[in-house]
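Dear colleague,

Please find below the structure that I am handing over to you, followed by an account of what was found in it. I would be grateful if you could read the text alongside the coordinates.

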Amino acid sequence: MESIRQRTKLRIGQIGIFRANHGQHSVNPALPARQTDRTGELIAAVSVPIFAEHVPRALTGEADPERALRILRKTHSGLLCVTLGARGSMLLDGNQLYRVPAPSVRVVDATGAGDVFRGAFIYGLLRGDSPVDILRFANATAALSCTREGALDSVPTRREVEEFLKGKGQGSKGKGQESKGKG
Ligand SMILES: Nc1ncnc2c1ncn2[C@@H]1O[C@H](COP(=O)(O)OP(=O)(O)O)[C@@H](O)[C@H]1O
Ligand SMILES: [Mg+2]
């Protein structure tokens, strides 16, 4: 079977990083700041958009993240991901939806969690992991970073993430509560 990596013909520079800020200063208060009339063009230009939680809603008007991703699917054929804070993350691959809850951790400082998630997601994708494994690894990496103070200093090593997943019984062979939708 073709891996996700082959199907997305991934080049690292094409990974989209969407992190709209929580803008009080937006011209249109219904939209996050930094969303402009060219945001659609920007999304179309990247192969793997990874949205912050409120962005799919802002783009589509649909509050439910799954439904919002399915609307965005009409204008983008690549993997579409959204991070959901303590609730984990969701990925639409074709019409197949994957949802993986974040591990429960004692949060000290969530600064940088979104960036850590994206870095780990890219790593899992390039390694050829399955969609669920990509989300599981990225969630775990980001969650671990939340247990430590700081942004850069809080990024865990790969070994730490692997040990953490093993401890949770979520090693690559383990079973989590992740779900695969009906597509
Ligand atoms: N309270 C938390 N507990 C566990 N994991 C978390 C928590 N907050 C964030 N994460 C992890 O970090 C990822 C990114 O966090 P999120 O809040 O969605 O991004 P941002 O705040 O940058 O928009 C989440 O998808 C999740 O994997
Ligand atoms: Mg957050």
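In helix H5, the buried residues are Ala113, Gly114, Val116, Phe117, Arg118, Ala120, Phe121, Gly124 and Leu125. Please note that the model is a predicted one. H5 comprises 15 residues, and the distance from its first C-alpha to its last is 21 Å, close to the 21 Å expected at 1.5 Å a residue. After H5 comes glycine 128, which has a positive phi near 90°.

Overall organisation

The chain contains 7 helices and 6 strands. Read from the N terminus, their order is α-β-α-β-α-α-β-β-β-α-α-α-β. The chain has 183 residues, of which 35% are buried. Of the contacts between residues at least 6 apart in sequence, 62% join residues at least 24 apart.

The surroundings of ligand 1

There are 19 residues around ligand 1, and those that come nearest are Thr83, Ala86, Ala102, Gly114 and Ala142. Two elements give two or more residues to this shell, namely helix H5 (113–127) and helix H6 (131–146). H6 provides the largest share, with 4 residues. Sorted by class, the shell holds 12 nonpolar, 6 polar and 1 charged residues. Gly114, listed among the residues nearest to ligand 1, also appears among the buried residues of H5.

Helix H6 and its packing against H7

How many of the 16 residues of H6 are buried? The number is 15, so H6 is largely enclosed by the rest of the structure. As for its length, the 16 residues should span 22 Å at 1.5 Å a residue, and the end C-alpha atoms lie 23 Å apart, which agrees.

Two packed helices are described by the angle between their axes and the distance between the axes. For H6 and helix H7 (residues 158–167), the axes come within 10 Å and cross at roughly 105°. H6 is therefore roughly perpendicular to H7. On the H6 side, the contact is made by Arg136, Phe137, Ala140, Thr141 and Leu144, and on the H7 side by Glu160, Val161, Phe164 and Leu165. By class, the residues of this contact are 6 nonpolar, 1 polar and 2 charged.

Leucine 135 is a further residue of H6. Is leucine 135 buried or exposed? It counts as buried, because 28 C-beta neighbours lie inside 10 Å and the threshold is 20 or more. Setting aside residues up to four places away in sequence, leucine 135 touches Ser89, Leu91, Tyr98, Val100 and Glu178. Its C-alpha atom is separated by 8.2 Å from that of glycine 88, although the two residues are 47 apart along the chain.

The loop between H6 and H7

Two residues of this loop may be described individually. Arginine 148 is located in the loop between H6 and H7. It is partly exposed, with 15 other C-beta atoms within 10 Å. Apart from neighbours within four places in sequence, arginine 148 is in contact with Val108, Asp109, Asp153 and Ser154. With respect to valine 108, arginine 148 is 40 residues away in sequence and 5.6 Å away in space, C-alpha to C-alpha.

Threonine 157 also belongs to the loop between H6 and H7. What is the exposure of threonine 157? With 10 other C-beta atoms within 10 Å, threonine 157 is exposed, since the limit for that class is 12 or fewer. Between the C-alpha atoms of threonine 157 and leucine 144 there are 9.8 Å, and the two residues are 13 apart along the chain. Leucine 144 is one of the H6 residues that make the contact with H7.

The loop between S4 and S5

Where does asparagine 95 lie? Its place is the loop between strand S4 (89–93) and strand S5 (96–100). Asparagine 95 counts as exposed, with 10 C-beta neighbours inside 10 Å. The C-alpha atoms of asparagine 95 and arginine 73 are 8.2 Å apart in space, while the residues are 22 apart in sequence.

Yours sincerely

Technical notes:
Residues numbered from 1 in each chain as written. Chains lettered and ligands numbered in written order. Predicted model: local features only at pLDDT ≥ 70, side-chain atom pairs only at ≥ 80, totals over all residues. Near = placed C-beta within 6 Å. Nonpolar A, V, L, I, M, F, W, Y, C, P; charged D, E, K, R; others polar. Expected span 1.5 Å × (residues − 1). Axes fitted to C-alpha atoms, helices over the stretch in contact; angles between N-to-C directions. Parallel < 35°, antiparallel > 145°, perpendicular 65-115°, else oblique. Contact = placed C-beta atoms within 7 Å.
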